[in-house]
Amino acid sequence: MRKSLLLAALILLFPTVLEAYGGPSRPDTLRVLAIGNSFSVDAVDQNLHEIAAADGHVLIIGNMVIGGCFLEKHWRLAAGDSARYSYHKTGPDGVLVKRPQTSMSWALADEKWDVVTFHQSSGLSGQAESYEPYLTELLRYVKARTPRRCRMMMHQTWAYAEGSTNHNFPTYGRSQEQMYEALCQAYGTAAKRHRMGLIPSGTAVQNSRHTFNRENVTRDGYHLHKWFGRYLVACTWYEALYGTSVVGNAYRPPHLDGRRAAIARQCAHAACRHPFTVTRVDFDNPFDTSNGNWKPDYINTDPSKVPDYTLPDALTMQDGRPVQTAAQWFGQRRPELLELFETEMFGKAPGRLEGTKWEMLEEGPALGGLARRKQVRIIFPRRGCYFTVLIYLPAQAKGPIPVFMGLNFEGNATVQPDPAILYPDPWRSDGYGIYVEQPRGTQSSRWPVDEIVRRGYGLVTFHNAEIDPDFDDGFDNGVTPLIYREGQNFPEPDQWGTLSAWAWGMSRVLDYLEEDPDVDAARVAAIGHSRLGKTALLAAARDERFAMAISNDSGCGGAALSRRRYGETIRFITGNFPHWFCGNFFQYVDHEDALPFDQHEFLALIAPRPLYVASAEDDSWTDPVGERLAFQGAQAVYDFLGLDRSLTEYHIREGAHELTREDWLRYLDFADKHFNR
Ligand code: GCU
């Protein structure tokens, strides 16, 4: 009795006595120490404290970090009492402080830990034999230095993205499924053997891959996406630590939309209930994961169900004034519309970056003497960013040649079965993280180079993913960070998304073509299929040096009207491809009528240059009717400007969503007309 009175008096007089033991704390304070590496940085350094706080808990988080550290090394460092860790500590106020050169014994003594977690490095995570005897030894070491009630837990790491360039991936036959199964086995065995709890992050990640979000969970093929992936795993930790469902928790990180945040919570919750099997969380999921199709009840493909809508008038200024002259269109209305498309939909791109260089990598004869091939590298001044452009020109032609410029989906080598086409360095200097080396020529049906050169044109193409990878990496990779100011790590709501970055890449190639004497830079047609059709339209809308625009099945966000809500809608396109657009665009999900424009005005931005829009009959996802209506809306502007009808052309062919030789034949005829061939 007297002893405790004395202690109480001491505590009152000297609050610092308590501070030395971790500070005064609320009774429900939980203290968790992770022993890990960059994967524990992904897991606990952000979001976790906030998620707990949103439910009224105080959480103190320690994180012992050495890049790539594996269990054997943790054990060696602990045994040798080496002060080699970076000790990250998130205090009760949520502020993270890093302490370099910390030893395991120091960190273990820093707080009265309630939970200590361990994980194996990702490369070894699926190899159970690599865990022992180090895990046994580490547990003994940690238990000797923590309170008796302290819980020991295994943190299950996750499998790599399909196509991940991580050098450990071959151990698992480059198969995500194989890696996931192996790591489930290994973590399960370890947790059971030592009677430890499990934080099933790997399963949460795997669950999320079976939702509409698919591979958009890592940022480089193995580290977590900065917003979605990290939040998902923090949710998993929260539920595993507290045993309370994370579904319904109010915290959501900045830059993560509500739908994606909800999916993350569902996936985390499902993983905590079924830690070793994938659960299909079909929450508002328009994508049928069992057959790879869109669920019919989620998209409208019934023409009678198109809602009533009123299109904005292209020839009325935002302030209501009518556009009365061509000069007013070009001087006021067109710039106003372009600005709106840039700020509300695609995001602004920078101009040409000072210090950009190009390098001729290779030149030679091609297609059995019919063509000449050039491969040029465009090199940006920062972050080791570069990409390679593939050019085919007719072998015989004299003088500067008009060309078609279009991005390709799968890499330059897929454009033709030409053994001289270079594959990119696997993978690129700044670690884009996901790369699948496709066999040569697999996309050649989309690129009838023989016909193009025979007709006297050149083809200029490059791989979209070399500019900016086509997955939601949290805007970490590719060119998007090139514009960040000091301390910025995500584009502003009106700064470029990936479509804008790709279109910007087309302009940078045009910069090069202006210097290439073989090419007539005044006769360059921007062409693209589907997402790359949206890109071609944007490139030409923004950069008036493009002399023609050709949109092949570009659909939602391209040539199709948004207000029809037929086939793909803004909800689905932003849900499935959140990286394509700028942040401002998300406010129009389910609010199409609030858009200050529609896509007929996007097409009208091409005037007075030739515009070609094409659809395919069986391609209801792109809404061919919506494409035609937008095209007609744009034609009205061409008419108003007194331009000849021959400058605009539309076709719909039989068949599916594709860029075919038949489409190309029409584009070549169109180019013949306008490029004076
Ligand atoms: C998806 C997407 C479309 C896009 C297409 C493509 O279907 O929803 O908007 O045009 O991919 O690029 O092939």
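Angles between helix axes count as roughly parallel under 35 degrees, as roughly antiparallel over 145, as roughly perpendicular from 65 to 115, and as oblique for the rest. In the structure described here, which is a predicted model, the axes of helix α9 (residues 201–209) and helix α11 (residues 258–273) come within 8 Å and cross at roughly 130°, and α9 and α11 are therefore oblique to each other. The crossing of these two helices, α9 and α11, is right-handed. On the α9 side the contact is formed by Thr203, Ala204, Asn207 and Ser208, and on the α11 side by Cys267, Ala268, Ala270 and Ala271. By character, the residues of this contact comprise five that are nonpolar, three that are polar and none that is charged.

Helix α11 also packs against helix α10 (residues 228–242), at an angle of about 40° and with the two axes 8 Å apart, which makes α10 oblique to α11. The crossing of α10 and α11 is right-handed, as is that of α9 and α11. From α10, the residues Phe228, Tyr231, Leu232, Cys235, Thr236, Glu239 and Ala240 take part, and they meet Arg260, Ala261, Ile263, Ala264, Arg265, Cys267, Ala268, His269 and Cys272 of α11. The residues of the contact between α10 and α11 divide into 11 nonpolar, two polar and three charged. Cys267 and Ala268 of α11 are named in the contact with α10 and also in the contact with α9.

In helix α7 (residues 134–143), the buried residues are Leu135, Leu138, Leu139, Tyr141 and Val142. When α7 is viewed down its axis, these buried residues fall within an arc of 165°, so they line one face of the helix. The elements against which the buried residues of α7 pack are the strands β1 (30–36), β5 (115–118) and β6 (151–155), together with the helices α5 (71–79), α6 (104–110) and α8 (176–193). In the loop between β5 and α7 lies Pro133, and the peptide bond that leads from Glu132 to Pro133 is cis, with omega near 5°.

A cis peptide bond is also found from Ala607 to Pro608, with omega near 10°, and Pro608 is placed in the loop between α18 and β17 (611–616). Most peptide bonds are trans, and most residues other than glycine have a negative phi. With regard to phi, Asn47, although not a glycine, has a positive value of about 70°. Asn47 belongs to the loop between α3 (38–44) and α4 (48–54), where it is buried, with a relative accessible area of 5%. Asp553, likewise not a glycine, has a positive phi of about 50°; Asp553 is found in the loop between β16 (548–552) and α17 and is buried, with a relative accessible area of 1%.

A buried acidic side chain is considered last. Glu592 is situated in the loop between α17 (570–576) and α18 (599–604), and its relative accessible area of 3% places Glu592 among the buried residues, for which the cut-off is under 20%. When neighbours within four places in sequence are left aside, Glu592 is in contact with Ser562, Arg563, Arg565, Thr569 and Ile570.

Conventions:
Residues numbered from 1 in each chain as written. Predicted model: local features only at pLDDT ≥ 70, side-chain atom pairs only at ≥ 80, totals over all residues. Heavy atoms only, no water. Axes fitted to C-alpha atoms, helices over the stretch in contact; angles between N-to-C directions. Helix = DSSP H or I, 4+ residues; strand = E, 2+ residues; numbered from the N terminus. Left-handed = near helix turned anticlockwise from the far one by under 90°. Contact = heavy atoms within 4.5 Å. Nonpolar A, V, L, I, M, F, W, Y, C, P; charged D, E, K, R; others polar. Buried < 20%, exposed > 50% of the residue type's maximum accessible area, 1.4 Å probe, protein only. Arc of directions from axis to C-beta.
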